[in-house]
Amino acid sequence: MVSVIFPAAGQGRRMRAGCNKVLLTLGGEPILVRTLRQFARVPAVGECIVVAGAQETAEVEAMLAAAERRAPLPPWRVVAGGAERQYSVANGLAACSKAAEVVLVHDAARPLIRPAVIEAVIEAARAHGGAIAAVPEKNTVKVVDAAGVVVSTPARSTLWAVQTPQGFRREILCAAYAQAAADGFLGTDDASLVERLGRPVHVVMSDYRNLKVTTPEDLVMAEALLQAPEA
Ligand SMILES: Nc1ccn([C@@H]2O[C@H](COP(=O)(O)OP(=O)(O)OP(=O)(O)O)[C@@H](O)[C@H]2O)c(=O)n1
Ligand SMILES: C[C@](O)(CO)[C@H](O)COP(=O)(O)O
């Protein structure tokens with residue numbers, strides 16, 4: 001059985017919409033609901049843990065209940081999040097069923113994820129212990145110091161832009177989160193916590209459609225991609 005944690009407890013500051021961006025509408029449904037619908041298309045998914053802002057749990061529960069009346073969703077629960085994404089995921093992990101062999105973490109703000117990528121991440125996580133969706137970096141990336149001066153230019157052929165879902169065998173993700181909490185380590189994704197344990201994390205080829213709706217132009221892009229045929 002696969003559990004999926006959806007961190008949805010952010011404030012959407014960069015979206016500047018005056019509300020949590022995952023509650024905004026995209027193609028006629030809230031972004032969060034649209035994201036869950038993609039996972040409803042993957043039979044291995046047995047439970048969805050939605051991590052909502054502490055003040056928004058009732059609103060999110062009502063939203064998901066209404067969505068479920070329109071079309072079925074996998075079994076879901078809502079838990080309260082924390083002040084950072086990592087703390088929100090930790091709360092979600094604590095709420096996951098012990099029967100889950102694999103746990104996926106997927107940003108609620110990535111509604112365009114394709115079921116085939118979700119399935120590939122699950123398969124790779126089962127095989128290797130850890131796997132993340134990613135795409136080859138298209139830009140040249142520089143390391144820049146605090147004074148704004150370029151330090152180095154990593155070879156682009158080695159660089160991948162990392163997305164979610166990120167999937168792990170449950171005991172590995174639990175150990176990684178426990179170690180990060182003990183060390184006071186705060187990472188920007190889930191895999192970085194697992195990497196600290198020295199465990200392998202495999203990259204699964206995703207696609208550039210799987211954007212994280214972060215700034216207003218991402219919302220325009222996501223609406224356009226919804227209308228565009230998948231390449
Ligand atoms: N304390 C937090 C912060 C973020 N998230 C979630 O993590 C995902 C990725 O975070 P991001 O895109 O940065 O969302 P926000 O934190 O909402 O955006 P911003 O940084 O612009 O405020 C989002 O689905 C967001 O809801 C969360 O669950 N808990
Ligand atoms: C996990 C993530 O989506 C991978 O790209 C990303 O690191 C989340 O970062 P954010 O600052 O919380 O948006």
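**Entry 1: the shell around ligand 1**

I began with the surroundings of ligand 1, where the shell residues divide into eight nonpolar, seven polar and seven charged. I was working throughout on a predicted model, so I looked up its scores before going further: the protein chain averages a pLDDT of 97, with 100% of the residues at 70 or above, and the model scores ipTM 0.97 and pTM 0.97.

Back at the ligand, I asked which of the 22 residues around ligand 1 come nearest. I found Pro7, Gly10, Arg13, Arg14 and Ser88 in that position. The elements that give two or more residues to this shell are strand S1, residues 2–8, and helix H3, residues 85–95.

**Entry 2: the shell around ligand 2**

I then turned to ligand 2 and listed the residues around it as Arg85, Asp107, Val162, Gln163, Thr164, Thr188, Asp189 and Lys212. By class, I noted one nonpolar, three polar and four charged residues in this shell. Which strand gives the most to the shell around ligand 2? I found that strand S10, residues 160–169, does so with three residues.

While I was at S10, I looked at its backbone and noted a cis peptide bond between threonine 164 and proline 165, with omega at about 10°. Proline 165 lies in strand S10, and Thr164 is one of the residues I had just listed around ligand 2.

**Entry 3: strand S1 and its partners**

Since S1 had come up at ligand 1, I checked whether S1 is covered, and found that seven of its seven residues are buried. I followed the two faces separately: Val2, Val4, Phe6 and Ala8 are buried on one side, while Ser3, Ile5 and Pro7 are buried on the other.

For the pairing, I found that S1 runs parallel to strand S4, residues 45–52, over seven bridges. Within that pair valine 4 stands opposite cysteine 48, and phenylalanine 6 has valine 50 as its bridge partner. S1 is also joined, again in the parallel sense, to strand S6, residues 102–105, by four bridges, and there valine 2 stands opposite valine 102.

I went one strand further along from S4, of whose eight residues six are buried. S4 pairs in parallel with strand S5, residues 76–80, over five bridges, and cysteine 48, which I had already met opposite valine 4, stands opposite tryptophan 76 in S5.

**Entry 4: the nonpolar core**

Which residues have the most contacts inside the largest nonpolar core? That core has 61 residues, and I noted Ile5, Phe6, Ala8, Cys48, Val50 and Val121 as the ones with the most contacts inside it. I took isoleucine 5 as an example and, setting aside its neighbours within four places in sequence, found it in contact with Ile49, Val51, Val89, Gly92, Leu93, Cys96, Val103 and Val105.

**Entry 5: helix H1**

I looked next at helix H1, residues 31–40, and found that eight of its 10 residues are buried, so the helix is largely enclosed by the rest of the structure. The buried residues of H1 are Ile31, Leu32, Val33, Arg34, Thr35, Leu36, Gln38 and Phe39.

**Entry 6: single residues**

Is alanine 66, in helix H2 (residues 57–70), buried or exposed? I counted alanine 66 as exposed because it has 11 other C-beta atoms within 10 Å, and the cut-off for exposed is 12 or fewer. I also noted that alanine 66 and glycine 92 are 26 residues apart in sequence, and 22 Å apart in space from C-alpha to C-alpha.

Arginine 16 caught my attention for its positive phi of about 55°, although it is not a glycine. Arginine 16 sits in the loop between S1 and strand S2, residues 25–26, and counts as exposed because it has 9 C-beta neighbours inside 10 Å.

I ended with valine 194 in helix H6, residues 191–195, which counts as buried because 26 C-beta neighbours lie inside 10 Å, against a cut-off of 20 or more. Leaving aside neighbours within four places in sequence, I found valine 194 in contact with Gly130, Phe168, Ile172, Leu173, Ala176, Arg199 and Val201. The C-alpha atoms of valine 194 and glutamate 56, which are 138 residues apart along the chain, are separated by 30 Å.

Technical notes: Residues are numbered from 1 along each chain as its sequence is written. Chains are lettered from A and ligands numbered from 1 in the order in which they are written. This is a predicted model: local features need pLDDT of at least 70, side-chain atom pairs count only at pLDDT 80 or more; totals for chains, interfaces and linings use all residues. A residue is near a molecule or strand if its C-beta atom, placed from the backbone, lies within 6 Å of it. Ala, Val, Leu, Ile, Met, Phe, Trp, Tyr, Cys and Pro count as nonpolar, Asp, Glu, Lys and Arg as charged, and the others, Gly among them, as polar. pLDDT is the predictor's confidence in each residue, from 0 to 100. Two strands pair if DSSP finds at least two bridges between them. A nonpolar core is a set of buried Ala, Val, Leu, Ile, Met, Phe, Trp, Tyr and Cys residues joined through C-beta atoms within 7 Å. Two residues are in contact if their C-beta atoms, placed from the backbone, lie within 7 Å.
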